[in-house]
Amino acid sequence: MVACGQQAEDALKSAVSENAGKFVLVVEGAIPTKEQGIYMKLGGRPAMDVLKDVGSKAAAIIAIGSCASWGGVPSADPNPTGATGVDSIITDKPIVNIPGCRRTPTRFWA
């Protein structure tokens, strides 16, 4: 993405508002929930709040990786950040969990 900072936030807001109910949200990574989600922020907002906001407007959600699917290693005891999977936060949308560590495509150059 070329945009960053406020430009990226504006692009997200525009895309979500113009396409409400017509997009699939893809989430990677566990969502920290302890202490009102202060352990991960996006655009100055807790990630769990961004997930609730954007997820509520999505047609469906894909949780990529074990962390997004069920909290993964970050959710292991003692779980100091309250890490959890997407389906613990969003409960009224179809969610496709694809557990396992995310794969980065390998590129071959001739």
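Select R45 to begin: this residue is partly exposed, with a relative accessible area of 32%, where partly exposed covers the range between buried, under 20% relative accessible area, and exposed, over 50% (1.4 Å probe, protein chains only). What you have open is a predicted model, in which local features need pLDDT of at least 70 and side-chain atom pairs count only at pLDDT 80 or more, while totals for chains, interfaces and linings use all residues. Residues are numbered from 1 along each chain as its sequence is written, and side-chain values use heavy atoms, with hydrogens and water left out.

Keep R45 selected and add D53, since the side chains of these two residues meet in a salt bridge with an N to O distance of 3.8 Å; a salt bridge here is a side-chain nitrogen of Lys or Arg within 4 Å of a carboxyl oxygen of Asp or Glu. D53 is itself partly exposed, at 31% relative accessibility.

Next, add K57, which forms a salt bridge with D53, the closest N and O atoms being 2.8 Å apart. K57, at 30% relative accessibility, also counts as partly exposed. With the three residues displayed together, you can see that salt bridges with shared partners join R45, D53 and K57 into one network. A search of the whole structure finds 2 salt bridges.

Now move to G65, which lies in helix 4, spanning residues 65-70; helices (H or I, at least four residues) are DSSP runs, numbered from the N terminus. G65 is buried, with a relative accessible area of 7%. Which residues should be selected around G65, once its neighbours within four places in sequence are left aside? They are I98, P99 and G100, each of them in contact with G65, contact meaning heavy atoms within 4.5 Å. Selecting N97 as well lets you check a C-alpha to C-alpha separation from G65 of 7.6 Å, across 32 residues in sequence.

Finally, turn to the cysteines, beginning with C101, which is exposed, with a relative accessible area of 62%. Why is the sulfur of C101 not bonded to the closest cysteine sulfur? That closest sulfur belongs to C67 and is 6.8 Å away, too far for a bond, a disulfide being defined as a pair of cysteine sulfur atoms within 2.5 Å. The structure holds 0 disulfides. As a last selection, take C4, which at 55% relative accessibility counts as exposed.

Methods:
Helix = DSSP H or I, 4+ residues; strand = E, 2+ residues; numbered from the N terminus.
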